[in-house]
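Trainee: Please take me through one part of this model in close detail. I would like the strands first, then whatever connects to them.

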Amino acid sequence: MLKRTDIFPAKAKLPWYHRPIFYFASVLFLFALILALTIVGASRPDRAVTKKASATTTERLDQTVHADGQVAKKLDQALQDNHFSGTALLVKNGHIVLHQGYGKANVEKNEANGPKTTFPVASTAKILTAILVSQAVDAGKLSYESKLSDYYPNVLNADQITVRDLLTMTSGLKQSKQPDSFTSDADNVDFSAANAESSGGVIGTGSGWTYQPINYRLLAGILMKVTGKPFQTLANQAFNQKAKLGILFYPTFKKAANFAKAYQFGSESERDVLPVEYQRETGTGNVSMTTGQLYQLYRLFFSNKLDKNPQQLLSQHLPAHYVSGLYGYGSVYEGHGIFSGYESNTVVSNKGKNAIILLSNQYDGDHSFQKLGQQFFTELTGQAAP
């Protein structure tokens with residue numbers, strides 16, 4: 001008996017492109033293609049995205065950015081007119097509007113200064129010591145109210161001086177005699193402790209305040225005592241191994257291919273810097289950075305990436321405005337350093353999103369670029385620089 005095909009239709013043989021296995025395979029192929037395109041796109045960002053990268057992008061901080069905007073162009077011209085030798089970085093709202101070098105980093109080799117040039121930053125580096133103190137406080141190894149007498153009991157008035165007094169340079173101490181030789185960072189701090197004198201300032205207040213590097217040398221000594229590690233080891237672990245900044249320490253930076261030598265202002269005569277001048281700056285300035293590294297340091301600090309509570313570290317003893325390597329006035333902070341032909345000038349605000357950084361390898365007392373940096377920071381942001 002024949003089956004009625006209207007009720008029991010015969011199973012027709014389907015073409016290969018209508019079979020379920022074909023649809024399943026097609027879906028798998030499309031999924032794999034989309035995934036591959038996504039991965040390739042992520043590894044090769046388009047030019048528009050790269051161009052708009054913020055100043056926190058490592059690539060941008062290593063590259064020259066020509067003056068963009070009226071203020072940046074005016075600064076560029078002013079630096080040229082004033083024979084600036086060094087590297088300048090200008091950032092507004094997290095975006096670079098100027099980043100370029102001026103003059104020579106190495107006259108003998110005819111190497112120009114630029115974003116990759118590293119400069120001794122002198123006293124601007126004191127913020128590194130302050131951050132290490134805050135990290136020791138966070139780890140429970142130290143307190144801002146710890147007494148200097150716990151570590152250096154023979155220093156004048158040590159039982160009245162706290163860690164915070166050292167951070168704000170309101171310890172009432174100074175050091176007139178400097179070592180003429182160097183054996184170790186610990187011995188260098190011991191020399192400072194043995195040669196501490198009264199500065200005439202009132203301990204724990206801004207009354208009679210004066211800038212005295214001995215405060216940060218003693219802080220470096222305290223850090224070595226509470227951690228059992230050399231100061232450079234502590235700094236390298238915190239800022240290079242963990243924060244990935246890539247900053248250099250003496251004597252390593254002297255051998256760097258991108259190191260800026262110091263020259264007499266307006267000439268090609270190299271400055272004579274004795275090794276002990278670098279060596280004795282334990283915790284106070286024997287560090288070199290590029291403009292980009294210094295800017296990134298500020299961004300990390302003000303965004304709580306290096307310290308759990310930066311505002312606690314920035315607590316001042318007014319009327320003195322100095323603390324942790326910075327002069328603070330409201331939300332604007334300034335750093336300044338001078339060292340044997342080098343000058344560093346920084347002004348930052350808006351949690352590090354606005355900044356001007358000028359690192360120079362030609363300096364003397366008659367040719368500071370501090371006021372120029374302040375002027376153009378104000379023009380850029382509308383905020384009064386310290």
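**A strand and its surroundings**

Mentor: Strand β12 (residues 332–339) and β13 run antiparallel, joined by seven bridges. This is a predicted model. Within that pairing, E334 has V347 of β13 as its bridge partner. The two strands make a hairpin with two residues between them. S340 sits in the turn and has a positive phi of about 40 degrees.

Now the other neighbour. Strand β14 (residues 354–360) is also antiparallel to β13, again through seven bridges. Here V348 stands opposite A355 of β14. The hairpin of β13 and β14 has four residues between the strands. In this hairpin N350 takes a positive phi, near 50 degrees.

Next, burial. In a regular strand, side chains alternate between the two faces of the sheet. Both faces of β13 are covered. On one side Y342, S344, T346 and V348 are buried. On the other side E343, N345, V347 and S349 are buried. That gives eight buried residues of eight in β13.

Y342 leads on to the aromatic rings. A pair of aromatic rings is described by the distance of the centres and the angle of the planes. The centre count comes to 15 aromatic pairs by the rule used here. Take Y211 and Y322. Their ring centres are 5.6 Å apart and the planes stand at 90 degrees, so this pair is edge-to-face; the cut-off for that class is over 60 degrees. Y211 lies in the loop between β7 (196–198) and α8 (214–227), while Y322 is in strand β10 (residues 322–323), so the pair ties together parts that are 111 residues apart in sequence. Burial separates the two partners. Y211 is partly exposed, at a relative accessible area of 28%. Y322 counts as buried, with 2% relative accessibility.

Back to β13. F259 and Y342 have ring centres 6.3 Å apart and planes at 50 degrees, so the pair is tilted. F259 belongs to the loop between β8 (248–249) and α10 (275–279), and Y342 to strand β13 (residues 342–349), so this contact ties together parts 83 residues apart in sequence. F259 is buried, with a relative accessible area of 7%. Y342 is buried too, at 2% relative accessibility. Both rings belong to one aromatic cluster, formed by Y250, F253, F259, Y278, F339 and Y342. F339 of that cluster falls within β12 (residues 332–339).

Two rings carry a charge over the face. R164 lies over Y144, at 4.4 Å from the ring centre. The charged end of K225 sits over the ring of Y152, 4.9 Å from its centre.

The loop that holds F259 begins after β8, and β8 leads to another sheet. That sheet is open, has three strands in the order β5-β9-β8, and pairs antiparallel. Its edge strands are β5 (119–120) and β8, each pairing on one side only. β5 and strand β9 (residues 287–289) pair over two bridges in the antiparallel sense. F119 stands opposite M289 in β9.

Helix α11 (residues 291–302) comes next. Its 12 residues should span 16 Å at 1.5 Å a residue, and the end C-alpha atoms are 17 Å apart, which agrees. An α-helix has 3.6 residues a turn, so residues three or four places apart point the same way. In α11, 12 of 12 residues are buried. Among them are T291, L294, Y295, Y298, R299 and F302. N304 follows α11 and has a positive phi, near 65 degrees.

One glycine deserves a look. G94 is in the loop between β1 (86–92) and β2 (95–102). At 6% relative accessibility, G94 counts as buried. G94 and A55 are 39 residues apart along the chain, and their C-alpha atoms are separated by 5.5 Å.

Last, the empty space. Rolling a probe the size of a water molecule over the atoms shows where such space is left. The structure holds two cavities of 30 Å³ or more. The largest cavity has a volume of about 60 Å³. It is lined by 14 residues. Nearest its centre lie M169, T170, G172, S199 and G201.

Notes. Residues are numbered from 1 along each chain as its sequence is written. This is a predicted model: local features need pLDDT of at least 70, side-chain atom pairs count only at pLDDT 80 or more; totals for chains, interfaces and linings use all residues. Side-chain values use heavy atoms; hydrogens and water are left out. Rings of Phe, Tyr and Trp (its six-membered ring) pair if their centres lie within 6.5 Å; planes under 30 degrees apart count as stacked, over 60 as edge-to-face and the rest as tilted. Buried means under 20% relative accessible area, exposed over 50%, partly exposed in between (1.4 Å probe, protein chains only). A charge sits over a ring if NZ of Lys or CZ of Arg is within 6 Å of the ring centre and within 35 degrees of the ring normal. Two strands pair if DSSP finds at least two bridges between them. The expected span of a helix is 1.5 Å times one less than its number of residues. On a 1 Å grid over the protein atoms alone, a cavity is a set of points where a 1.4 Å probe fits but cannot get out, and a pocket is an open set with protein on both sides within 12 Å along at least five of seven lines; lining residues have an atom within 4 Å of a point. Grid points are joined across faces, edges and corners, and a volume is the space filled by probe spheres set on the points.
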